[in-house]
Amino acid sequence: MAKNRKNQAAAIRFGPALKASFLCLLIGGSALGYVWQKNEINRLGQQILEREKRLVQTQNDNKRLGDQIAILHSPVMLDRRAKELCLGLVPAQPLQVVRIAEMLVTQEKNSSRQFAQRLAIQQTP
Amino acid sequence: MTNKQQIHRALLLLGLLGAAFAGLVYRLVDLQVLRHVELAKLAGNNTQREYWQAPRRGDILDANGNFLATSVAVKRICADPSLVGNQSAVVARAIAPVLKLNEAELAQKLTPRVTVKKNRNGQSVTNELKYVRLAARVPEETWQRVVATMTNLTFGVDEKLLTRTNRTFLRNLRQRAIFAEPDQLRVYPNGALASQVIGFTAVEETNVSGHLISQITGRDGIELSMDKQLDGVFGWRTTETDRAQREQVALRDEDVHARDGLNIVLTIDSAVQHIVETALADALQKHTPKGITGIVMRPRTGEILAMVSLPNYDPNDPNTYKSGTHNRVIADVVEPGSTFKIVVVSGALDSGKVRLSDQFDCERGRFAFAGRVLHDHEGYGMMSTESIITKSSNIGAAKIGIKLGEQGLYDYSWNYGFGRKSGIPLPGEARGILNPVKQWSKVSIAQIPMGHGVAVTRLQMLYAMAAIANHGWLMRPMLVSRLQARDGSVVQRYAPERVRQVIGEQAYRDILQALKTVPMKGGTAPDAELKNYVVAGKTGTAQKVENGTYAHGKYISSFIGFFPADNPELCISVVMDEPKEGYYGGKVCGPVFRDIAERCASYLNIPMDPKLMTNTPTMGGKNLPRKT
């Protein structure tokens, strides 16, 4: 029995075609997205590696420079430098040292820290 | 008929296909199940990598946080000869001057080599050499120069005209043939300062889970005794690499960071150590002894501020370590001589068997006892206990020893810490010799009080004197103040430790009074007297023992003292082994003591003795301390 072409689903069926295209795009897009994602992971991984190397390098430089400063400040190095420059420095004698006696606050039992501080301030000339 | 034939053929084909399929299934099961472990390991070897991360060795710091030893990150330069190919001469010519290596030797190392070895199954396997070490402990700057040199390396050809394979070869040669691994270098910024205390290190190859890793290990001093604390713990990373051996960060599995070693803070003050070393170096030039030692200790806490033994060595170059440069302070055992009189006299005073004013007949310098004749350096008559210390009379000390008794003398010596280790955290400490009473001869009771028949380390003698300075309380010698992490947080703090009270308060006051008379006019060490502080101390001059007999003209001279006498801040020992230009302890060691004491007092800002406050300041420069 012949079918009425007019009543048939269209000769060109847009619905399935759209569905198929959408499916293809989805699969293709997913594949491309997967590859892009993998590339990104790889690229970021290399960046992490680079930054890790730089971090180690910077930490090492920081340590090296910190050490250099510390060594240049050390008493032995300062003494050596003072001798090289013939600065004529001499250690202070005990009589050349002026000692300022510290005010001792007798803190009574149960007295608060604030109270003790106030006393000290009051005693300061 | 046809159908039957067709069915047979179909069955045959089916059988063949079935057999082939069964074979494939068997192969699949064999590969995936039966040989899974073996093959998975082989496959993993192609991509999986395990990297070991060496920890940074902890620093050694002085009491004020100044570096005494530190670790510097450097590089170990390596090469892959398989990537160098026939260009080894060109590469060697380029990098040999940068690495300061011999060009011919370097070219030899870079030449590709193939070795043929037999595996476990007896099959011959060829291995291409892919790893050689070119240089160790190379500074970062040098490595950067090597990288620049390799990047700019030219081969005298137009590379655009080369085939793709050759261009790839040259690119790999420039980028990957020479590479660097992290390494560490132990640096002692102050050179020989406190070298015997700090020690030195060596580089060892350690096998960590099948990987050979270079590791710094201690060989002497604190570097050796506290090696575990300084070492730290290895870290590791399990990861995968691509074909070009680049790590795939996303595929990292285990990533455990190395735990750095702890920093060790010593009680040593590098400024005090420097003062003592320079003073002893001057004395070494003047008196040319075989060796000279100096120790500075805080008697109240037992903290050692300086420990010097000359000659010493530079730990940056362990080849300078040779015989005689060891730490004599703790390793050498000698008869102490007259400094040991402090033990017998303080013991006799403490036991109540002798009083400070008691008189003893010093027999005009000759005293026959137990078949031997004891001598004094001068002939003395009647002397008080105090004068026996002041003049350092051997006969007087012997008579006090006889009065104290053998067991009493032994007990006090033992309680002062003689004959046993002090517990200082340094390797090679000697016990000294203090024989039990049953092994003593008849004359021992007269000889030991004058410092013969007993052998001590210089550290033992110092802390015995420090115990007297500390009201009779013996303190454990402290060399390590605390352990701290890299961020400065304290992991462990060591507190001063009282060992025992050896003498009581009254005996302390009496012996102090006697010791104050030594560095004065009339005493044996007037040269040890200080301008602004009252000093208490004792001299010692002991003949050296060689091959079982006393050697003529060879002496161990010493002076041990503390100041300010009534409120001691520092206890200082100076000992010379075979000094020339004089040998009496007071004469040769007294001035060195004074020099060290004056400079240390100035540096540490020790308040001058109230009793000497009447002294006028000397601003004109005549009596000023040595210029720096």
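**View 1. Chain A on its own: 3 helices and 0 strands.** This is a predicted model, and chain A is a good place to start. Reading along its sequence gives α-α-α. Buried residues are just 4% of the 125 residues in chain A.

**View 2. Where chain A meets chain B.** Here 26 residues of chain A come up against 31 residues of chain B. On the chain B side, four elements each bring at least two residues to the contact: strand 3 (67–79), strand 11 (247–248), helix 11 (270–287) and helix 21 (590–604). Sort that side of chain B by class and you get 15 nonpolar, 12 polar and 4 charged residues.

**View 3. The two domains of chain B.** The domain assignment splits chain B into domain 1, made of 51–98 + 129–266, and domain 2, covering 270–612. Measure between their C-alpha centres in the model and you get 48 Å. The two domains do touch: 30 residues of domain 1 of chain B are in contact with 27 residues of domain 2 of chain B. Zoom in on the domain 1 side and you'll find helix 8 (195–198), helix 9 (221–225) and strand 13 (263–266) of chain B, each supplying at least two residues. That side of domain 1 is made up of 17 nonpolar, 10 polar and 3 charged residues.

**View 4. The largest nonpolar core, with 132 residues.** Look for Val296(B), Val345(B), Leu462(B) and Met465(B), the members that touch the most others in this core. Among the elements, helix 18 of chain B (residues 458–469) is the top contributor, giving 10 residues. Why does this core lie between domain 1 and domain 2 of chain B? Because both domains, 51–98 + 129–266 and 270–612, give residues to it.

**View 5. Closing in on Val296(B).** Leaving aside residues up to four places away in sequence, Val296(B) touches Val272(B), Val276(B), Leu305(B) and Ala306(B). The rest of its contacts are Leu570(B), Ile572(B) and Cys600(B). Val296(B) is also one of the residues touching the most other members of the largest nonpolar core.

**View 6. Another core, of 18 residues.** This one lies apart from the largest core. Its members include Ile95(B), Trp143(B), Val146(B) and Leu173(B).

Technical notes: Residues numbered from 1 in each chain as written. Chains lettered and ligands numbered in written order. Predicted model: local features only at pLDDT ≥ 70, side-chain atom pairs only at ≥ 80, totals over all residues. Contact = placed C-beta atoms within 7 Å. Nonpolar A, V, L, I, M, F, W, Y, C, P; charged D, E, K, R; others polar. Buried ≥ 20, exposed ≤ 12 C-beta atoms within 10 Å, placed from the backbone. Core = buried A, V, L, I, M, F, W, Y, C linked by C-beta atoms within 7 Å. Domains from an automatic or database assignment.
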